[in-house]
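Me: I have a structure open and would like to learn how to read a few of its features. Could you take me through them?

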Amino acid sequence: MLNRKTLRTIHLGGTVWFIVCIGFVFVMALRQAGFHWWMVFSLSGHGALAAFILISLYLAVFRSLGRSQEIRIEHPLTSTTYYTAFYVMTPFLGGLAGCLGYLGIATGVQLLVGIALGTLIATFLVWVIVDPVTGVLEVVLSPPGRRHRAQRLAQARARREDEQREREHLLTEILEKEESERRRWEKLLKPEAQKLAQLLTADTIDFEQAQRQAADIGASAWQVGGLGSMRQLREMAINLCKQKYQNGAFADYISVWWDGIGSWRNPSLHKAANP
């Protein structure tokens with residue numbers, strides 16, 4: 001009895017043989033249409049690419065359905081070794097049928113064309129039509145298979161729902177943790193925000209001294225919670241300034257004062273340096 005490794009090797013060989021037959025039929029069709037060999041070779045590259053894409057789609061789509069056929073209770077026929085052996089040997093069996101069909105009535109190139117056509121027809125019928133239809137009929141016509149499939153799908157759906165709930169729970173925990181951090185930072189940074197707001201709204205200001213004081217405040221905020229706490233502190237200071245100047249304008253120097261502290265960067269300055 002053939003093992004899985006042998007079946008995979010036969011399947012690979014059958015797929016390669018199928019591709020070769022596609023290329024051969026394509027070339028012979030071009031020659032019969034009157035194309036010269038140089039034109040045939042130039043078009044063969046496109047034909048090979050199309051064949052590769054088709055085979056890739058087959059392997060990705062149709063045989064992905066075959067993974068479910070490993071469930072024997074749902075697929076009592078297609079999961080057997082005998083059916084799998086027939087499936088993977090289909091290209092070779094089709095070529096043999098084409099050879100026997102043309103044997104005695106054709107020789108040479110015509111016999112090769114018959115072998116290639118037999119391979120293409122048999123492979124298309126079995127791989128693209130018979131195998132998917134058989135897999136569906138197995139489930140539809142078998143009550144135990146239908147029950148098992150319904151149970152399996154329900155279990156898969158339950159697992160997805162559990163995973164979704166777990167993700168939502170994790171996201172909720174992260175958001176709650178962030179909100180807790182923001183409240184803690186707000187309590188710790190409130191005095192610093194008032195100092196920053198005073199620096200921004202002072203009528204007369206020593207810019208260098210204000211920059212040193214603001215840098216110290218920014219460094220303290222960085223030690224508290226990194227970039228997140230610095231952003232929250234700036235937001236708090238700006239809100240205090242807006243409350244004092246409800247309809248007035250004020251200059252926001254905080255981004256300039258804090259440039260280079262921790263990972264804080266002033267966007268306007270860096271845009272100007274890197275246009």
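Me: Let's start with Gly225: is Gly225 buried, partly exposed or exposed?

Reply: The idea is to sort residues by relative accessible area: under 20% is buried, over 50% exposed and in between partly exposed, with a 1.4 Å probe and protein chains only. Gly225 has a relative accessible area of 27%, so Gly225 is partly exposed. Gly225 sits in helix α7 (residues 207–244); helices here are DSSP runs of H or I with at least four residues, strands are E runs of at least two, and both are numbered from the N terminus. The C-alpha atoms of Gly225 and Arg182 are 9.6 Å apart, with the two positions 43 residues apart along the chain.

Me: What should I know about the model and its numbering before going on?

Reply: This is a predicted model, in which local features need pLDDT of at least 70, side-chain atom pairs count only at pLDDT 80 or more, and totals for chains, interfaces and linings use all residues. Residues are numbered from 1 along each chain as its sequence is written, and side-chain values use heavy atoms, with hydrogens and water left out.

Me: How many helices and strands does the chain have?

Reply: The chain has 9 helices and 0 strands. Buried residues are 29% of its 275 residues.

Me: How do I read a pair of aromatic rings, and which one could we look at?

Reply: A ring pair is described by the distance of the centres and the angle of the planes. Rings of Phe, Tyr and Trp (its six-membered ring) pair when their centres lie within 6.5 Å; planes under 30 degrees apart are stacked, over 60 edge-to-face, and the rest tilted. The structure has 5 aromatic pairs. In one of them, the centres of Tyr83 and Phe86 are 6.4 Å apart and the planes meet at 55°, so this pair is tilted. Both belong to helix α3 (residues 81–88), 3 residues apart, so about one helical turn separates them. Tyr83 is buried at 11% relative accessibility, while Phe86 is partly exposed at 38%. Elsewhere, ring pairs join Phe18, Tyr87 and Trp127 into a cluster.

Me: Where is confidence lowest, and where is it highest?

Reply: Confidence is given by pLDDT, the predictor's score for each residue from 0 to 100. Where pLDDT is low, the predicted coordinates should not be read in detail. The chain has a mean of 79, and 77% of its residues reach 70 or more. Helix α9 (residues 267–273) is lowest, at a mean of 49, and helix α4 (residues 90–102) highest, at 89.
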